[in-house]
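Here is a short tour of a protein model for the bench. Have the sequence and the 3D view open as you read.

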Amino acid sequence: MPKGIPKNGVNRGWFKKGYKMPKKIREQISKALIGVKKRPFTFEHRRKLSKIHKGNKYALGYRHTEETKRKLSKIWKGKHLSEEHKRKIKEALKGKKPYEITERTRQKMSGAHKNKRHSEKTKEKMSKTHEGKKPYKMTTKIRKKISEGMKQVMKNPENRKRLRETWKGKKHSEETKEKMSEAHRGEKSYLWQGGKSFEPYGIEFNNQLKGKIRKRDNCTCQECDINQKDLGYKLHVHHVDYNKKNNNPDNLISLCRSCHLQTNFKREDWTNYFSQKLWNKIKIKGS
Ligand SMILES: [Zn+2]
């Protein structure tokens with residue numbers, strides 16, 4: 001046994017930084033390794049491996065059959081955690097705060113990219129990478145899908161409320177506002193109705209009338225029931241038949257901004273819907 005290896009087998013000082021194996025040992029190891037080469041798999045071995053993986057359920061790319069999927073879903077359906085299991089989970093979570101980002105982490109995260117700019121060299125590289133490439137453009141199909149999904153989400157007043165909370169107090173910069181307004185002005189707007197909104201409102205459609213309608217509607221959005229107080233702005237007064245000259249109270253209804261926005265689609269449906277709503281209201285009051 002070479003010097004330096006304690007007899008009790010505990011390595012002390014071996015492989016520490018800077019340790020150099022004695023020449024004698026190095027020679028012995030290299031001798032022992034002569035003829036031992038890393039060989040690629042033989043043809044026979046590869047054939048065997050391929051055979052093993054053929055039909056292997058767990059190999060890459062395997063998909064459950066529809067039949068199996070049905071079975072699995074059946075198995076999981078109706079499986080609930082046992083009371084014992086639930087109790088254990090509850091016990092384990094006792095006193096534990098829900099996951100929370102600490103102030104320190106938040107600061108770190110926000111600071112990580114602050115004031116960091118790509119170097120001129122990196123910028124040059126990046127621009128070269130994108131040279132000749134088309135800018136990414138969402139297909140109409142994807143855009144439509146997102147929009148549909150968003151509509152579904154925004155139908156839920158709970159979600160709308162959450163979004164409002166998120167944006168509360170956050171202000172776009174003047175520059176951003178200018179850009180946004182420019183981007184959506186007039187014919188560029190997805191709400192463009194061929195210049196209809198430039199039709200003058202009927203003379204009577206003033207703040208006094210709007211105030212009356214809001215009061216009649218208990219200052220709540222007649223679609224989602226949110227109160228003006230919670231909104232932080234005055235409810236919109238919507239023309240049910242979209243005719244801005246028709247300022248008959250039974251053609252006017254109070255809506256929050258989100259609900260009012262929705263009325264820009266499927267106009268006919270909304271007209272019918274709100275007419276019915278107002279009609280029912282009048283009937284209840286009259287009876
Ligand atoms: Zn609403």
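Strand 1 (residues 236-239) and strand 2 run antiparallel, and four bridges join them. If you want one pairing to find on screen, take V237, whose bridge partner in strand 2 is S254. Keep in mind as you look that this is a predicted model.

Strand 2 covers residues 252-255, and its side chains alternate: L252 and S254 point one way, while I253 and L255 point the other way. Are these four residues buried or exposed? All of them are buried. L252 also reaches residues elsewhere in the chain: setting aside neighbours within four places in sequence, its contacts are I213, V237, H239 and N247.

H239, one of those contacts of L252, is found in strand 1. Why does H239 count as buried? It does so because 20 other C-beta atoms lie within 10 Å, and 20 is the number at which a residue becomes buried. Apart from neighbours within four places in sequence, H239 is in contact with K244, N246, N251 and L252. You can also compare H239 with T263: the two are 24 residues apart in sequence, and their C-alpha atoms are 10.0 Å apart in space.

Next, the nonpolar core. The largest one has twelve residues, namely C221, I226, L235, V237, V240, L252, I253, L255, C256, C259, W270 and F274. Strand 2 and helix 13 (267-286) each supply at least two residues of this core. Strand 2 gives the most, with three residues. As background, nonpolar side chains in soluble globular proteins tend to be buried together.

Now for a spot to check in the backbone. Most residues other than glycine have a negative phi. N218 goes the other way, with a positive phi although it is not a glycine, and C219, also not a glycine, has a positive phi too. N218 is placed in the loop between helix 10 (207-216) and helix 11 (228-231), and C219 lies in the loop between helix 10 and helix 11 as well. The table sets out their values.

| Residue | Phi | C-beta neighbours inside 10 Å | Class |
|---|---|---|---|
| N218 | near 55° | 11 neighbours | exposed |
| C219 | about 55° | 16 neighbours | partly exposed |

N218 counts as exposed because it has 11 C-beta neighbours inside 10 Å, and the limit for that class is 12 or fewer. C219 counts as partly exposed because it has 16 such neighbours inside 10 Å.

Finally, step back to the whole chain. How many helices and strands are there in the protein? There are 13 helices and two strands. Of the 287 residues, 7% count as buried. Among contacts between residues at least 6 apart in sequence, 52% join residues at least 24 apart.

A word on confidence before you rely on any one region. The mean pLDDT of the protein is 73, and 53% of its residues reach 70 or more. Over residues 9-14 the pLDDT is below 50, and this stretch has four contacts in the model beyond near neighbours in sequence.

Note on methods:
Residues are numbered from 1 along each chain as its sequence is written. This is a predicted model: local features need pLDDT of at least 70, side-chain atom pairs count only at pLDDT 80 or more; totals for chains, interfaces and linings use all residues. Two strands pair if DSSP finds at least two bridges between them. Two residues are in contact if their C-beta atoms, placed from the backbone, lie within 7 Å. A nonpolar core is a set of buried Ala, Val, Leu, Ile, Met, Phe, Trp, Tyr and Cys residues joined through C-beta atoms within 7 Å. pLDDT is the predictor's confidence in each residue, from 0 to 100.
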